[in-house]
Amino acid sequence: MDAPAPGQPWRSLDEYAGTPEFRDWIEREFPAGASELAQGSRRAFLKVMGAGLALAGAATVPGCRRPAREIMTYSQTVPEEIIPGKPLYYATSFCLPGGGAEGLLVETHMGRPTKIEGNPLHPINRGKSSAWTQSSILDIYDPDRLKNPVFLNPARGKLNATWDDFRAWQGDHFARFDRIGGAGLAFVVDKKSSPTRDAMRDAIKGRWPAAEWIAWDPAEPRGSIEGTRLAFGQPMRVRHTLARAQRVLSLDSNFIEDGPEALVCARDFAATRVVSHSGDEMSRLYVSESRPTGTGSMADHRLRMAPSRITAMAVEVGRYILTQAGAGAPAQQLGEALFAAQLNVGERAEASHAKEIADDLLAHRGRSVVIAGPSQSPEVHALVCAMNSVLGAVGPLVGYTPMS
């Protein structure tokens, strides 16, 4: 940079003097290669500037750079992004009772969660949240929640302890199991889906191969578990895909409100009830239930029955479906065994209702499904597996995966 010409304005004495040190400082103030822009033709200058603007635009596209997101909360040291009065959002998940999970977006203030919403990017709930997740935030502010480990003293009963007390106790207690591989040692845990807890289980089994890991829920309904064991020889997890269902029979199942797949079933089934044009066919829902439910309120035909009559209804509908399917049906032998040996009900359902429902389900094979609720016996759940097999629902509407 040369000194300003006589009469030309200048901004500092260094610029007026035009010293080499000032010229070097001016060139270092701008990006690398800035001094070369003044050399060459106007065409070369426009080419360099156009390429630079294109790169700058690509760098501002959200998909081309990693967004700044926080994935961990804080404990003692407050990070700089925590501003009093300004909410901070975290993506997390919530384990549902009985298995499964929901993806959540949690609003926090000063590190404390205050509001929960569904994560729109999660494949399960897709932006919605269930009553389980909405009420889970209340557990954090429950004054009676368990805050510390509890020690069961044989003489004094339950005593509150600290983690330091547990570390001191476990050092001597677990050391004696190392010599025998953990024989006689058992870990009883809740039934939840958690990769982190699975890693803890694997670490325990690696240290004590003979130890037992027991997942137990004392209030868990066992009908579906034992019913699938009866039908397939091993426990299965049942999953429903109702987006293509045209006929649904619910046997005391509140499938749009209860269970780990309630949100998925509710959204999929609601889509089958939308009629956009005069020629569109709306799905039909039969509900046999013993108490008012949200699913029953949506039913086209709601049959209010005592629990024993619901079992009888399942028997009658299954009898018609398996009889009409013929002896070559894949579930015929299972159905006959259940009728003869285990489904000895004391009363019969109304045959006219059962026959009409069975005929409608058979008329829509591949698009009809039967769902049994948790209150039903294992035999009814096994019978439902047989009916869904005959109706062609296994695959497009119902899926079975082995339980861990």
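**Note on a pocket, a cavity and helix α13**

1. The lining of the second largest pocket is made up, by class, of twelve nonpolar, two polar and three charged residues. The model is a predicted one, and in it this pocket has a volume of about 570 Å³.

2. Of the 17 residues that line the second largest pocket, those lying nearest its centre are Phe 174, Phe 187, Val 189, Ile 204 and Trp 213. At least two lining residues come from each of α5 (163-178), β6 (186-189) and α6 (195-207), and α5 gives the most, with five residues.

3. As for enclosed space, the count comes to two cavities of 30 Å³ or more, and the second largest cavity holds about 30 Å³. The lining of this second largest cavity consists of Ile 82, Ile 83, Lys 86, Leu 88, Thr 108, His 109, Met 110 and Gly 111, which divide by class into four nonpolar, three polar and one charged.

4. Helix α13 (residues 378-390) has 13 residues and, at 1.5 Å a residue, should span 18 Å; the C-alpha atoms at its ends are 19 Å apart, which agrees with that expectation.

5. Helix α13 is largely enclosed by the rest of the structure, because ten of its 13 residues are buried, where buried means under 20% relative accessible area. The buried residues of α13 are Val 380, His 381, Ala 382, Leu 383, Val 384, Cys 385, Ala 386, Met 387, Asn 388 and Val 390. Just after α13, Gly 392 adopts a positive phi of about 75°.

Notes: Residues numbered from 1 in each chain as written. Predicted model: local features only at pLDDT ≥ 70, side-chain atom pairs only at ≥ 80, totals over all residues. Heavy atoms only, no water. 1 Å grid on protein atoms, 1.4 Å probe; cavity = no way out; pocket = protein on both sides within 12 Å on 5 of 7 lines; lining within 4 Å. Points joined across faces, edges and corners; volume = space filled by probe spheres on them. Helix = DSSP H or I, 4+ residues; strand = E, 2+ residues; numbered from the N terminus. Nonpolar A, V, L, I, M, F, W, Y, C, P; charged D, E, K, R; others polar. Expected span 1.5 Å × (residues − 1). Buried < 20%, exposed > 50% of the residue type's maximum accessible area, 1.4 Å probe, protein only.
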